[in-house]
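Student: Shall we go through this one together? I'll ask, you reason it out.

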Amino acid sequence: MATDASPLTAAIATGREILRASRGIVILTGAGLSADSGLTTFRDPKGHWKRHRPEDLATPEAFRRDPCLVWEWYGVRRRAAADTAPNAAHLAIAAFALRRDDVVIVTQNVDGLHTVAARQAADERSRDTSGEPAGEVAGELACRTKALPIELHGCFYRARCSACGRCYEHRDRIDTSSQQALPHCAKCSGLLRPDVVWFGEPLGEPIDRAFGYAAQSDVCVVVGTSAVVQPAASVAVVTRRAGGAIIEVNPEETPLTPMSTVSLRGTAAEVVPRLLAPGRRHG
Ligand code: OAD
């Protein structure tokens, strides 16, 4: 009988064995995870930063200079995210986090797809156990919360007042025809900005929490990030320095590759469901 003994299959088996034996797992994700949902990454050949300059779109100075341009860019990205869905990798990550009690998802993505996947995975799990969709009941919400990510760079479906700091859930289409037409704060009338972290801004409490989990984890699974933006990329380094392993999923090498125990060269949707699938001896 023929067996599938490709190097990728063997490496996935090694990764699964590491995960099975681990207590404490951080899953660090980047734009490559959502590439399989059709969203544009930043540094790949057709990425945002090959067509635009970050200093024109993703800095506080850019927003002060031209808030309409910045909102327009986020508006385009929000529509692309709203028109797509979590892929098999988002769903496998969410299901894995729901099955185990020691998984923390940390993302650099601002597209909200982990949150959609958390809901779908919780519904799926509930259907499996009760035959009914989860609905908005407290137990299922608590369950879903386990699969919600720490969002290191914020989320573009939230807006924050640039004057008083008040936060809003914000999904409406944005009129970028003039500064007056942009969304403003209901409390102080200040201009709202996307609730994301821009270059030069601190990541605050979320990165401290992520580092805390990373230091206590046996393994960091890194999916679809070029690992060149700090401090996010250091989440994996913290786990490694504390004696844990790194399992990297990426079609390309990154600065984390030399310190990775297992490098899985493939796309997120191809590899992650195989890595995290339930199994006889898998959590
Ligand atoms: P990048 O665009 O820098 O890197 C995307 C990574 O995903 C690359 O390493 C690709 O090889 C990999 N990749 C591409 N397609 C993939 C697929 N289908 N499956 C798995 N991996 C794939 O994106 P990030 O690392 O997320 O920050 O970028 C980090 C930060 O830089 C972003 O959060 C953003 C950006 O500037 C801010 O805007 C502050």
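Student: Where in the fold is Thr257 found?
Tutor: Keep in mind that this is a predicted model. Following the chain past strand E8, you meet Thr257 before strand E9, so to speak between the two. That places Thr257 in the loop between E8 and E9.

Student: And is Thr257 buried or exposed?
Tutor: Its relative accessibility comes out at 12%. The cut-off for buried is under 20%, so Thr257 counts as buried.

Student: Which side chain joins that of Thr257 in a polar contact of 2.8 Å?
Tutor: Setting aside residues up to four places away in sequence, Thr257 touches Glu248, Ser263 and Arg265. The side chain of Arg265 makes a polar contact with that of Thr257, but at 3.4 Å. The 2.8 Å contact joins Thr257 to the side chain of Glu248.

Student: Let's do the sheet. What is the order of its six strands?
Tutor: It's an open sheet with parallel pairing. The edges are strand E3 (150–151) and strand E9 (262–264), each pairing on one side only. Reading across, the order is E3-E2-E1-E7-E8-E9.

Student: Which residue stands opposite Glu151 in E3?
Tutor: E2 and E3 run parallel, and two bridges join them. Opposite Glu151 in E3 stands Thr107.

Student: At about what angle does helix H11 run to E7?
Tutor: Helix H11 (residues 234–241) lies across three strands: E1 (25–29), E7 (219–223) and E8 (245–249). Angles here run from 0 to 180 degrees between N-to-C directions. For H11 against E7, the angle is about 155 degrees.

Student: Now Asn109. Which residue's backbone nitrogen lies 3.0 Å from a polar atom of its side chain?
Tutor: Asn109 is in the loop between strand E2 (103–107) and helix H8 (113–130), and at 7% relative accessibility it counts as buried. Beyond four places in sequence, Asn109 touches residues including Thr29, Gly30, Ala31 and Gly154. The backbone nitrogen at 3.0 Å belongs to Ala31.

Student: How many aromatic pairs are there, and what kind do Phe63 and Trp198 form?
Tutor: A search of the whole structure finds seven aromatic pairs. For Phe63 and Trp198, the centres are 5.5 Å apart and the planes 35 degrees apart. Stacked needs under 30 degrees and edge-to-face over 60, so that pair is tilted.

Student: How many residues apart are Phe63 and Trp198?
Tutor: Phe63 sits in helix H5 (residues 60–65), while Trp198 is in the loop between E6 and helix H10 (205–216). Phe63 is buried at 6% relative accessible area, and Trp198 is buried too, at 2%. The pair links distant parts of the chain, 135 residues apart.

Student: What about Trp73 and Tyr74: what kind of pair do they form?
Tutor: Both are buried. Their centres lie 5.0 Å apart with 75 degrees between the planes. The cut-off for edge-to-face is over 60 degrees, so this pair is edge-to-face.

Student: Which residue lies over the face of Trp198?
Tutor: Trp198 shares one aromatic cluster with Phe42, Trp49, Phe63, Trp73, Tyr74 and Phe199. Over the face of Trp73, at 4.5 Å from the ring centre, lies Arg77. Over the face of Trp198, at 3.8 Å from the ring centre, lies Arg193.

How values were computed. Residues numbered from 1 in each chain as written. Predicted model: local features only at pLDDT ≥ 70, side-chain atom pairs only at ≥ 80, totals over all residues. Heavy atoms only, no water. Helix = DSSP H or I, 4+ residues; strand = E, 2+ residues; numbered from the N terminus. Buried < 20%, exposed > 50% of the residue type's maximum accessible area, 1.4 Å probe, protein only. Polar contact = N/O pair within 3.5 Å; in protein donor to acceptor, adjacent residues only side chain to side chain. Contact = heavy atoms within 4.5 Å. Phe/Tyr/Trp six-rings, centres within 6.5 Å; stacked < 30°, edge-to-face > 60°. Lys NZ or Arg CZ within 6 Å of the ring centre and 35° of its normal. Pairing = 2+ DSSP bridges.
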